[in-house]
Amino acid sequence: VSRALNSSLELQTVLDRILNELHNLIPYYSASILLLNESGLLEVSAHRGEDKDVHEGGTFKAEEARAAREVIARGHPVIINDTINDDRWTQLPGSEIRSWIGLPLRVFDRSVGVLNINSNIPIRFTMQDLELAEAFSDQASVALQNARLHDREVTRIEEELTVARGIQSSLMPAVSPETPYLDIAFESTPARQVSGDFFQLM
């Protein structure tokens with residue numbers, strides 16, 4: 001599982017593999033990954049299962065997802081085996097989830113999201129399922145941490161290259177020199193952000 005989760009550093013690929021590998025360990029009705037965004041909202045960043053249309057792409061305030069909020073606040077798994085009669089659970093229209101496990105996803109020991117494991121059967125999950133899911137979420141957190149670090153590093157490099165391109169472009173002549181009997185046109189186009197900076201008109 002660890003090898004599978006860490007075989008890519010692309011964030012969305014890692015998120016999708018987390019849900020795929022989880023299904024091999026704990027068969028579920030559906031599963032999803034909620035990540036905290038910069039505004040403190042929980043976003044459905046990945047979803048797998050029969051109720052994809054109900055949950056995919058959703059965004060929730062912390063008070064709207066009380067069970068997930070509890071997972072993040074405590075930093076420990078939470079199990080709800082009867083979503084109908086548990087006041088921590090907010091049932092969405094069209095949702096058939098009857099039992100749920102929520103596991104914290106951590107980056108540098110800070111909870112950044114929740115791994116949701118859902119069943120359409122009440123009292124579906126056992127303590128053994130919970131222990132297995134918790135061990136899995138630790139591996140998933142490592143993969144998520146590596147992907148986020150990689151994503152941040154790629155973004156930083158791209159930003160630096162964009163600045164370098166602006167500096168380089170400002171050093172290039174803006175207009176061609178005026179010469180009798182000769183029209184000169186030129187253009188410097190980098191393959192990506194920057195290119196060679198040698199430029200000579202003779």
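Biologist: In which strand does S111 lie?

Modeller: The structure discussed here is a predicted model. S111 falls in the run of residues 110-119. That run is strand β6.

Biologist: Is S111 buried or exposed?

Modeller: The relative accessibility of S111 is 14%. Buried residues are those under 20%, so the value of 14% places S111 in that class. S111 therefore counts as buried.

Biologist: Which residues is S111 in contact with, leaving aside its neighbours within four places in sequence?

Modeller: The contacts of S111 include P104, L105 and R106. G75 and I72 also belong to the set. The remaining contact of S111 is L36.

Biologist: Where is L36 found, and what does L36 touch beyond residues up to four places away in sequence?

Modeller: L36 is found in strand β1, which covers residues 30-36. Among the residues that L36 touches are L41, L42, I72 and R148. L36 also touches S111, V112 and G113.

Biologist: What distance separates the C-alpha atoms of L36 and G113?

Modeller: Along the chain, L36 and G113 are 77 residues apart. G113 is nevertheless among the residues that L36 touches. Their C-alpha atoms are separated by 5.6 Å.

Biologist: Why does L36 count as partly exposed?

Modeller: The class of partly exposed residues lies between under 20%, which is buried, and over 50%, which is exposed. L36 counts as partly exposed because its relative accessibility is 27%.

Biologist: How many salt bridges does a search of the whole structure find?

Modeller: Side chains of opposite charge can pair when their charged atoms come close. One such salt bridge joins D129 and R124 at 3.2 Å, N to O. D129 is buried at 15% relative accessible area, whereas R124 is partly exposed at 24%. The search of the whole structure finds salt bridges numbering 5.

Biologist: Which residue forms a salt bridge with D138, and where does that partner sit?

Modeller: In this salt bridge the closest N and O atoms are 3.7 Å apart. The pair links distant parts of the chain, 32 residues apart, with D138 in helix α5 (residues 127-171). Both side chains are partly exposed, D138 with a relative accessible area of 37% and its partner with 23%. The partner, in strand β5, is R106.

Biologist: Which residues are linked with R88 in a network of salt bridges?

Modeller: The side chain of R88 meets that of E70 in a salt bridge of 3.3 Å, N to O. This pair links the loop between β4 and β5, which holds R88, to helix α4 (residues 66-74), which holds E70. R88 is partly exposed, at a relative accessible area of 25%. The residues linked with R88 in the network are E70, R74 and D86.

Biologist: Which residues make the nonpolar surface patch of about 330 Å²?

Modeller: One member of the patch is L171, whose place is in helix α5. L171 is exposed because its relative accessible area is 69%, and exposed means over 50%. The residues that make the patch are V163, I167 and L171.

Biologist: Which element of the chain has the lowest mean pLDDT?

Modeller: Over the chain, the mean pLDDT is 82, and 90% of the residues reach 70 or more. Strand β4 (residues 78-80) has the highest mean among the elements, at 93. The lowest mean, 67, belongs to residues 52-55, which form helix α3.

Notes. Residues numbered from 1 in each chain as written. Predicted model: local features only at pLDDT ≥ 70, side-chain atom pairs only at ≥ 80, totals over all residues. Heavy atoms only, no water. Helix = DSSP H or I, 4+ residues; strand = E, 2+ residues; numbered from the N terminus. Buried < 20%, exposed > 50% of the residue type's maximum accessible area, 1.4 Å probe, protein only. Contact = heavy atoms within 4.5 Å. pLDDT = per-residue confidence, 0-100. Salt bridge = Lys/Arg side-chain N within 4 Å of Asp/Glu carboxyl O. Patch = residues over 30% accessible without salt bridge, like charges linked within 9 Å, V, L, I, M, F, W, Y side chains within 5 Å. Areas by Shrake-Rupley, 256 points an atom, 1.4 Å probe, with all protein chains shown as cover.
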